[in-house]
Amino acid sequence: MRHFSPTNGQMMAEQVSLATVAAEVGTPAYVYSAATFTRHYQVFAKAVSAMDSLIAYSVKANSNQAVLSLLAKLGSGADVVSGGELARALAAGISADKIIFSGVGKSAAEMRAGLEAGIAQFNIESMPELEQLNVIALDIGKIAPVAVRINPNVCAGTHEKISTGRAENKFGIDIADVDAVFERAVHMPGIHLQGIAMHIGSQIDNLAPFASAITLAAGLIERLRKQGHKIETFDIGGGLGISYAGGDTVPPTPREYGDLVRRLTQDLGVRMIFEPGRMIAGNAGVLLAKVLYVKHGGARNFLIIDAAMNDLIRPALYDAYHDIEPVKAPAAEAKMISYDVVGPICESGDTFTQHRMLPEMQAGDLIVLHTAGAYGAVQASQYNSRPLIPEVLVKDDQYAVVRKRPSMADILKTEHVPDWV
Ligand SMILES: *Cc1c(COP(=O)(O)O)cnc(C)c1O
């Protein structure tokens, strides 16, 4: 479900015309729909409502303060992977007891910040990390609530750069080694080992990898309990895929996912933790851009747009597909043309798509790249000295710039030329 559709021949975000946003805010810009975020959160919450659970939205998918505040008001917790994301979640009003700290390389300062805030759980990924957390907790007189992230060694069938649950990935602890971690943790007074965590990948478009991984983890939980360990939480991560290609792939619905998880975990007597990111944010945003030039070269037609790989890196990094649509609906008789849609950056990788059939376009036309609400703005850089682009949040017929474009003066102010140059 996404609230980006045409009305009277003009693409809208809810009841706001994207042409108006382009005129008033400029392009390129990310435009988000509050109604879509809300709907996705509520659909997910309903799908898991039969379980004792915490939804910890994966902040790295879209960490804008307005987005986090919106989700906080809906009751969401947060899964954070850095001290910066922890600060964002707390600033947005997400209470510490709903915050999970994930990530393979938490620094001492990040552990301290999480402990001082009183977060719900640290998901640790190695013995040295656990030892460090114990030392820091004792140092400040706290006990760290911890889950061990396992690596279930399942293939999520997704792009290799977003697969995280294979033995060769850097994430988690081999299931065979988890017993030893629990044994050691018993002797760490700063650690309260309370659960098992996992996250097997992203954009997973069928339920089988989740089923295999949950079944493995359930076996592990029973084994650990037989050894006398208490297991209170089971964090199954995120990773549920969404549709990018206008319905080409049909990932499982949140309901099917929730039913599967419930069936496989209902006898475990654990509190479930979910960390959805893409599923909440992906279809809640578009990248709004303008055609700068139409170039006919060799056998190709290039649409050169004002957005580039620094603004949205997913196509370059993961070969990701994004639906592309003109903001002004084409006439019924419009000619369809095969375009390569590219940005202005001096890299051949700065290509959003090749050989895409689109209605004939002209310089000045506005387009949207759909499904850009997750892993879009958060992965942007200022490569080629292109300032970060604005983020706009729409609700009903109103919109606000929720991150403004820095000026070149703002950017230059952060740099310094030593007098010995
Ligand atoms: C990235 C990530 C998520 C979110 O993944 P999605 O595919 O966006 O749902 C959840 N948990 C962890 C630990 C992650 O690294």
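This passage walks through the domain arrangement, a small sheet, one helix and one threonine in a predicted model.

The domain assignment divides the protein into two parts. Domain 1 is made of two segments, 4–32 and 282–412, while domain 2 covers 34–279. Taken over C-alpha atoms, the centres of domain 1 and domain 2 lie 32 Å apart. To the contact between them, domain 1 contributes 23 residues and domain 2 contributes 23 residues. An interface is often described by the accessible area that is lost when its parts come together. For domain 1 and domain 2, the area buried between them is about 2000 Å², with 58% of it on carbon and sulfur atoms.

Turning to the sheet, three strands are arranged in the order S1-S2-S3, forming an open sheet with antiparallel pairing. Strand S1 (4–7) and strand S3 (16–17) are the edge strands, each pairing on one side only. S1 and S2 run antiparallel and are joined by 4 bridges; in one of these pairings, proline 6 has methionine 11 of S2 as its bridge partner. The two strands make a hairpin with 2 residues between them, and asparagine 8 in the turn shows a positive phi of about 50°. On the other side, strand S2 (residues 10–13) pairs with S3 in the antiparallel sense through 2 bridges. Here alanine 13 is matched with valine 16, its bridge partner in S3.

Helix H7 (residues 175–185) offers a neat view of one-sided burial. Its buried residues are Ile175, Val178, Asp179, Val181, Phe182 and Ala185. Seen down the axis of H7, these residues fall within an arc of 165°, so they line one face of the helix. What do the buried residues of H7 pack against? Their partners are two helices, H6 (127–139) and H8 (208–226), together with strand S9 (144–151), strand S10 (173–174) and strand S11 (191–197). A polar contact is found at the start of H7, where a side-chain oxygen of aspartate 174 comes to within 3.0 Å of the backbone nitrogen of alanine 176.

Finally, threonine 351 is worth a look. This residue is located in strand S18 (residues 351–359), and its side chain reaches the backbone oxygen of serine 348 at 2.9 Å. Leaving aside residues up to four places away in sequence, threonine 351 touches Pro315, Val341 and Val342.

Notes. Residues numbered from 1 in each chain as written. Predicted model: local features only at pLDDT ≥ 70, side-chain atom pairs only at ≥ 80, totals over all residues. Heavy atoms only, no water. Pairing = 2+ DSSP bridges. Buried < 20%, exposed > 50% of the residue type's maximum accessible area, 1.4 Å probe, protein only. Arc of directions from axis to C-beta. Contact = heavy atoms within 4.5 Å. Polar contact = N/O pair within 3.5 Å; in protein donor to acceptor, adjacent residues only side chain to side chain. Domains from an automatic or database assignment. Buried area = accessible area lost by both parts, 1.4 Å probe.
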